[in-house]
Amino acid sequence: MSAAMLRMHEAKNFPGGIIASLSIPWGGTKGDSDKSGYHVVWPRDLIETAGGFNALETKADVSRIVNYLMSTQNEDGSWPQNMWLQGEPNWDGLQMD
């Protein structure tokens with residue numbers, strides 16, 4: 001069931017591109033008109049998802065994530081703090097964790 005839940009967050013047109021959450025946090029102050037937040041890929045969270053798939057020994061899932069990360073990596077080896085599925089940065093922040 002855990003693998004199924006993680007897979008539900010994966011984009012079909014960007015294999016390995018898994019958004020942080022389909023839900024909207026802070027329901028009273030955020031809504032469907034907010035286009036980003038957790039509806040984008042957060043590389044730090046994507047790594048945790050890969051770790052979950054690794055623990056489940058689902059190598060194909062891990063491989064899709066690694067390939068996705070390789071295709072969205074910046075020239076300096078970093079990733080945006082969070083990004084749209086095609087790799088375009090959403091925020092300009094620098095995530096240090």
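**View 1. Leu-22 and a nonpolar surface patch in a predicted model.** Leu-22 sits in the loop between helix H1 (2-8) and helix H2 (43-55). This is a predicted model. Leu-22 joins Met-5 and Met-8 in a nonpolar surface patch. The patch covers about 310 Å². For the chain as a whole, the exposed area is about 6,400 Å². Carbon and sulfur atoms supply 56% of that area.

**View 2. Ser-21 in the loop between H1 and H2.** Is Ser-21 buried or exposed? Ser-21 is buried, because its relative accessible area is 15% and the cut-off for burial is under 20%. Its contacts, leaving aside neighbours within four places in sequence, are His-9, Tyr-38 and His-39.

**View 3. The overall chain and its confidence.** The chain has three helices and zero strands. Along the sequence the pattern reads α-α-α. There are 97 residues, of which 31% count as buried. Take the contacts with a separation of 6 or more: residues 24 or more positions apart account for 44% of them. The mean pLDDT of the chain is 87. A score of at least 70 is reached by 84% of the residues. Helix H3 (residues 59-72) has the highest confidence, at 96. H1 has the lowest, at a mean of 89. Where pLDDT is low, the predicted coordinates should not be read in detail.

**View 4. The largest nonpolar core.** Twelve residues make up this core: Ala-3, Ile-18, Ile-19, Val-41, Leu-46, Ala-50, Phe-53, Val-62, Ile-65, Tyr-68, Leu-69 and Met-83. H2 and H3 each supply at least two of the core residues. Which helix gives the largest share of this core? H3 does, with four residues. Nonpolar side chains tend to be buried together in soluble globular proteins. Ala-3 is one of the core residues. Not counting residues up to four places away in sequence, Ala-3 touches Phe-53 and Leu-56. Phe-53 also belongs to the core.

**View 5. The salt bridge between Asp-61 and Arg-7.** Four salt bridges are found in a search of the whole structure. In one of them, Asp-61 pairs with Arg-7. Their closest N and O atoms are 2.6 Å apart. The pair links distant parts of the chain. Asp-61 lies in helix H3 and Arg-7 in helix H1, 54 residues apart. How do the two partners rank by burial: which is buried and which is partly exposed? Asp-61 is buried, because its relative accessible area is 4%. Arg-7 is partly exposed, with a relative accessible area of 31%. Side chains of opposite charge can pair when their charged atoms come close.

**View 6. Asp-61 and Arg-64 within helix H3.** The side chains of Asp-61 and Arg-64 meet in a salt bridge, at 2.3 Å from N to O. Both residues lie in helix H3. They are three residues apart, about one turn of the helix. Which residues are linked in a network of salt bridges? Arg-7, Glu-10, Asp-61 and Arg-64 are.

**View 7. The surroundings of Arg-64.** Arg-64 counts as partly exposed, because its relative accessibility is 26% and the partly exposed range runs from 20% to 50%. Not counting residues up to four places away in sequence, Arg-64 touches Glu-10, Pro-15 and Gly-16. Glu-10 is also a member of the salt-bridge network. What separates the C-alpha atoms of Arg-64 and Phe-14? The separation is 9.2 Å, for residues 50 apart along the chain.

**View 8. A salt bridge between Arg-44 and Asp-45.** Arg-44 forms a salt bridge with Asp-45. The closest N and O atoms are 3.1 Å apart. Arg-44 is partly exposed, with a relative accessible area of 30%. Asp-45 also counts as partly exposed, at 24% relative accessibility.

**View 9. Glu-57 in the loop between H2 and H3.** Glu-57 has a phi near 60°. That is a positive value in a residue other than glycine. Most residues other than glycine have a negative phi. Is Glu-57 buried or exposed? Glu-57 is exposed, because its relative accessible area is 68% and exposed means over 50%.

Technical notes:
Residues numbered from 1 in each chain as written. Predicted model: local features only at pLDDT ≥ 70, side-chain atom pairs only at ≥ 80, totals over all residues. Heavy atoms only, no water. Patch = residues over 30% accessible without salt bridge, like charges linked within 9 Å, V, L, I, M, F, W, Y side chains within 5 Å. Areas by Shrake-Rupley, 256 points an atom, 1.4 Å probe, with all protein chains shown as cover. pLDDT = per-residue confidence, 0-100. Core = buried A, V, L, I, M, F, W, Y, C linked by side-chain atoms within 4.5 Å. Buried < 20%, exposed > 50% of the residue type's maximum accessible area, 1.4 Å probe, protein only. Contact = heavy atoms within 4.5 Å.
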